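Thanks for coming. I will walk through one structure today, a few places at a time, and please stop me if I go too fast.

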Amino acid sequence: MATQQTAPRGIALYRALPRRAGWSYLFATGFGRLPLSMVPLAILTLTTSATGSIAVGGFAAAAAALGEAVGAPASGTLADRFGQRPVLLAGVLVHVALLAALTAGAGIVPEPTTVALAGFAGLSLPQVGALSRARWLAIAPDDLPAAFAFEGVIDEIAYIFGPALVGIVAAFVSPQAAMLLTALLVTVFATQFAVHRTQRLVPRRASSRIGGASGTTLDRRGGRLALIGTLFLGLMCMGVFFGAAQTGLTAFARTAGIPDAGALLYAVMAVGSTLTTVSMVLVPDRVGPWTRWAVAAGGMTLGAVLLMSAPTIPWVVVAAFLAGAFQGPLLLTIYGVLGTVAEAGRAGYLMTLAASSVVIGIGAGSAVAGALAQESGPVGGFAVVVTACAVLLVAGLAGAARSVLRRSRRTA
């Protein structure tokens, strides 16, 4: 009986999203985040082709990622203060101009200028995904599980199809065309997202008042800050997991004699994540966030250990699917808890800072895993994946233990 009642409830929650925001919003936020996954690869492909140097291409892609990590929370802060629409529209204008300048100038202007243009392009990249999560807090506060599950699914889809789209256009047309396509998507869909009527529902931060606080308030604030710190540690570890998994799977594919299949192996992980993330609305509310965190981190750890010991391609496929199947629910859980601690008028900053944490984690995971894979093969890369999962598991178990302790104190 419980299952029969829960399943329609989950379907009803997804049906509520277009009623709350409109189909135009779902399309805008879905297609508007494609450039987030396309810009780094488009910059890498274009600058490498135009300059003839993979080193310059790598520096340009790294500069774009660093620029995004800095620019995302800055744009979130501005959006909280002045509203999402003007900040996003300004970002679209500046970002598209920089992409056009990079497309025209790569291979012509000095290489440091090319890298600088890439960095500023990342800095100005409109943060549709993070600001969409902040917007859902105002649009559908009662439907956040379905809204954040939707966000997680379209993130996965974007990070599968965005790079694939860049690769196809670059291969069959030109790297310049891939960059211009990215700019076109930003222009159309980020603009549509910026001006959508829902942007008026997001509260703004009127001021940054600093006042005195009682001891009780300070204790509560300290507990909130500790929780936020744990959440951002989790997001950083999730980024390390993504970056190291991509690197480890790429190294495994090369070792197995299929060097171009690394992205396909990673797509298997994304498929597993998408399927389980969609299903998370069916999990009963009585299963608390720390229990979900601990279970998901345990599943990710198991999948990572299997990846590390995988002797064959089918084994890697199964392990990648398993790790991915728990990856999506954990990320969804972290964002869900983050939504509950976001103060009115500060959600944009918190969500964009969360996105930056993941980006920084991806960069760190890719760098460390790449260095270890160079020395020890794919096992070295997967060792970083296992480490990130282990940290997540410890954080989840600690949170679950604290939750049980608090409940026991209330009942005592």
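Let me start with Leu66, which sits in helix 4. Keep in mind throughout that this is a predicted model. Is Leu66 buried or exposed? Leu66 has a relative accessible area of 57%, and the cut-off for exposed is over 50%, so Leu66 counts as exposed.

Leu66 also belongs to a patch. Together with Val70, Phe120 and Leu123, Leu66 makes a nonpolar patch on the surface, of about 390 Å². Which helices supply at least two residues each to that nonpolar patch? They are helix 4, residues 54-82, and helix 6, residues 111-123.

There is a charged patch as well. On the surface, a patch of positive charge gathers Arg81, Arg85, Arg197, Arg200 and Arg204. I will pick out one of these arginines, Arg197. Arg197 is placed in the loop that runs between helix 9, residues 175-195, and helix 10, residues 215-255. The relative accessible area of Arg197 is 41%, so Arg197 is described as partly exposed. The reason is that partly exposed covers what lies between under 20%, which is buried, and over 50%, which is exposed.

Now to the salt bridges. How many salt bridges does the count come to? The count is 3, and I will take them in turn.

In one of them, Arg33 pairs with Glu151, and the closest N and O atoms are 2.7 Å apart. This pair links distant parts of the chain: Arg33 is in the loop between helix 2 and helix 3 (34-51), Glu151 is in helix 8 (residues 144-172), and their positions lie 118 residues apart in the sequence. Both Arg33 and Glu151 are buried.

Arg33 also forms a salt bridge with Asp155, with the closest N and O atoms 2.8 Å apart. Why does this pair tie together parts that are 122 residues apart in sequence? Because Asp155 lies in helix 8, while Arg33 lies in the loop between helix 2 and helix 3. As for burial, Asp155 has 18% relative accessibility and counts as buried. Arg33 has a relative accessible area of 1% and is buried too.

Asp155 has another partner, Arg133, and here the closest N and O atoms are 2.8 Å apart. Asp155 is in helix 8 and Arg133 is in helix 7 (residues 128-139), so this pair ties together parts 22 residues apart in sequence. Arg133 is buried, as is Asp155. What do the salt bridges with shared partners join into one network? The members are Arg33, Arg133, Glu151 and Asp155.

Next, the aromatic rings. Searching the whole structure gives 6 aromatic pairs. I will describe two of them.

Tyr25 and Phe193 make a tilted pair, with 5.7 Å from centre to centre and 40° between the planes. Tyr25 is in helix 2 (residues 23-32) and Phe193 is in helix 9, so the pair ties together parts that are 168 residues apart in sequence. Tyr25 counts as buried, at 0% relative accessibility. Phe193 is also buried, with a relative accessible area of 0%.

The other pair I want to show is Phe27 with Phe31, which is stacked, at 6.3 Å centre to centre and 10° between the planes. Why are Phe27 and Phe31 separated by about one helical turn? Because they are 4 residues apart in helix 2. Are these two rings buried or exposed? Phe27 is partly exposed, with a relative accessible area of 47%. Phe31 counts as partly exposed as well, at 36% relative accessibility.

Going back to Tyr25 and Phe193, these two join Trp136 in one aromatic cluster.

One last residue, Val316. Val316 lies in helix 13, which covers residues 313-341. Val316 has 0% relative accessibility and so counts as buried. How far apart are Val316 and Gly107 in space, C-alpha to C-alpha? The distance is 40 Å, and the two are 209 residues apart in sequence.

That is where I will stop.

Definitions and conventions. Residues are numbered from 1 along each chain as its sequence is written. This is a predicted model: local features need pLDDT of at least 70, side-chain atom pairs count only at pLDDT 80 or more; totals for chains, interfaces and linings use all residues. Side-chain values use heavy atoms; hydrogens and water are left out. Patches are made of residues with over 30% relative accessible area and no salt bridge: like charges are joined within 9 Å, nonpolar side chains (Val, Leu, Ile, Met, Phe, Trp, Tyr) within 5 Å. Accessible areas come from the Shrake-Rupley method with a 1.4 Å probe; for residues, only the protein chains shown count as cover. A salt bridge is a side-chain nitrogen of Lys or Arg within 4 Å of a carboxyl oxygen of Asp or Glu. Lys and Arg count as positive and Asp and Glu as negative; His and the chain ends are not counted. The place of a charge is taken as NZ of Lys, CZ of Arg, CG of Asp or CD of Glu. Buried means under 20% relative accessible area, exposed over 50%, partly exposed in between (1.4 Å probe, protein chains only). Rings of Phe, Tyr and Trp (its six-membered ring) pair if their centres lie within 6.5 Å; planes under 30 degrees apart count as stacked, over 60 as edge-to-face and the rest as tilted.
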